[in-house]
Amino acid sequence: MIIRGGTCKFRSLVIILLSVIVHGLLSTGHATKLSVFVENFSVDDYKASCQNWKLAISPDGLLYVANNIGLLTYDGNSWWVNPLPDNSVVTSVTFSKDTIFTFSDTNLFGGWLRDEKGIPHFIPLDYMQDDLEFELPPVHLPFPLPGIIQQSLPSVIEHVENLYFFGTSTNGLFITDEKGNILQHLSLQNQLNDNIVRDICIQDQNQIWLALDNGLARIALNPSVALLGQRSQIGRLTDAALVNDTIYVQTHIPYRLF
């Protein structure tokens with residue numbers, strides 16, 4: 001339930017009422033079978049090109065991104081940009097045996113080793129190891145591809161447990177169950193910054209990453225709190241409180257109830 005506002009004759013009122021037992025609210029306010037929370041990252045966040053091509057996660061949780069400017073690294077707090085020696089576009093990235101390997105649009109292949117300060121440095125290699133997998137094997141689908149997903153031109157498919165993720169070239173991301181029922185559709189129309197999905201990376205069963213033609217997105221599945229609206233509609237968070245089983249959130253946008 002959303003009560004958008006903030007003033008009455010006595011004091012400022014909360015504008016969002018969120019029951020912790022209610023799940024599946026999108027920013028559109030429609031109920032769905034799978035609740036998600038999307039965090040978008042733009043060039044203003046990671047200070048590189050808008051175009052991202054591939055993703056990889058190291059065992060210690062670092063995110064690596066193949067970007068037009070070079071290799072991006074994210075530790076959950078800070079971003080680093082590391083260009084290649086010839087400043088070419090990093091088109092692929094993979095992780096193997098404690099080392100990140102990249103491939104560029106100029107066919108420059110190599111690994112990245114960290115110095116004593118933790119700064120990665122590119123080491124060019126003449127040949128590619130047989131065990132490196134820049135392209136994962138195709139995902140076997142136990143169901144016919146839904147028509148709307150086919151029409152959206154799937155670009156990448158991943159799955160975790162009974163969830164299937166379809167990145168498309170024209171219509172964002174679709175999430176289905178093992179029978180092909182669409183549980184979520186994320187796009188430029190609701191929570192994503194772009195409709196072109198270049199890659200999907202599964203960090204764990206509750207979190208996935210998207211490489212977009214315009215930015216990056218981190219998606220939390222079944223979060224305890226869901227996004228109820230865009231900031232232009234909801235406003236800036238100013239206060240919050242938990243009372244019994246209900247979270248009350250106050251923002252700066254006023255709404256007169258009487």
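**Close-up views of strands, salt bridges and a surface patch**

A search of the whole structure, which is a predicted model, finds two salt bridges. The legends below cover both pairs, the sheets and selected residues.

**View 1. The salt bridge between Glu 39 and Arg 218.** The side chains of Glu 39 and Arg 218 meet at 2.6 Å, N to O. Glu 39 belongs to strand β2 (residues 36-41) and Arg 218 to strand β17, so the salt bridge ties together parts that lie 179 residues apart in sequence. Glu 39 is partly exposed, at 30% relative accessibility. Arg 218 has a relative accessibility of 17% and counts as buried, the limit for that class being under 20%. Across the strand pairing, Arg 218 in β17 stands opposite Trp 209.

**View 2. The salt bridge between Arg 198 and Asp 213.** Here the side chains of Arg 198 and Asp 213 form the contact, with an N to O distance of 2.6 Å. The two residues are 15 apart and link distant parts of the chain: Arg 198 sits in strand β15, and Asp 213 sits in the loop between β16 and β17. Arg 198 is partly exposed, with a relative accessible area of 28%. For Asp 213 the value is 16%, and the residue is buried. Side chains of opposite charge can pair when their charged atoms come close.

**View 3. The open sheet β2-β17-β16-β15.** Four strands make up this open sheet, and their pairing is antiparallel. β2 and β15 stand at the edges with a single partner strand each, so one side of each has no neighbour in the sheet. On average, neighbouring strands are turned by 20 degrees against each other, direction ignored. The salt bridge of Glu 39 and Arg 218 joins side chains from two strands of this sheet, β2 and β17.

**View 4. Strand β16 and its burial.** Strand β16 spans residues 207-212, and six of the six are buried, so the strand is largely enclosed by the rest of the structure. In a regular strand the side chains alternate between the two faces of the sheet. In β16, Gln 207, Trp 209 and Ala 211 point one way, while Ile 208, Leu 210 and Leu 212 point the other way. Residues on both faces of the strand are buried.

**View 5. The partners of β16 on either side.** Strand β15 (residues 197-204) runs antiparallel to β16 and is joined to it by six bridges. Within this pairing, Ile 200 has Leu 210 as its bridge partner, and Asp 199 has Ala 211. The two strands form a hairpin with two residues between them. β16 also pairs with strand β17 (residues 215-221), again in the antiparallel sense and over six bridges. A hairpin through two residues joins β16 to β17.

**View 6. Surroundings of Lys 54.** Lys 54 is located in strand β3 (residues 52-57). With a relative accessibility of 15%, Lys 54 counts as buried, since that class takes values under 20%. Apart from neighbours within four places in sequence, Lys 54 is in contact with Tyr 64, Val 65, Ala 66, Thr 91, Ser 92, Val 93, Glu 135, Asp 199 and Ala 211. Among these contacts, Asp 199 and Ala 211 are also bridge partners, with Ala 211 in β16.

**View 7. The open sheet β11-β12-β13-β14.** This open sheet consists of four strands with antiparallel pairing. Its edge strands are β11 (154-160) and β14 (182-186), each of which pairs on one side only. The twist from one strand to the next averages 15 degrees. Inside the sheet, strand β12 (residues 163-168) and strand β13 (residues 173-176) run antiparallel and are joined by four bridges. Phe 165 stands opposite Ile 175 in β13.

**View 8. A nonpolar surface patch.** Leu 113, Ile 123 and Leu 125 make a nonpolar patch of about 240 Å² on the surface. Leu 113 is part of strand β9 (residues 109-114). The relative accessible area of Leu 113 is 47%, which places this residue in the partly exposed class.

Technical notes
Residues numbered from 1 in each chain as written. Predicted model: local features only at pLDDT ≥ 70, side-chain atom pairs only at ≥ 80, totals over all residues. Heavy atoms only, no water. Buried < 20%, exposed > 50% of the residue type's maximum accessible area, 1.4 Å probe, protein only. Pairing = 2+ DSSP bridges. Axes fitted to C-alpha atoms, helices over the stretch in contact; angles between N-to-C directions. Patch = residues over 30% accessible without salt bridge, like charges linked within 9 Å, V, L, I, M, F, W, Y side chains within 5 Å. Areas by Shrake-Rupley, 256 points an atom, 1.4 Å probe, with all protein chains shown as cover. Salt bridge = Lys/Arg side-chain N within 4 Å of Asp/Glu carboxyl O. Contact = heavy atoms within 4.5 Å.
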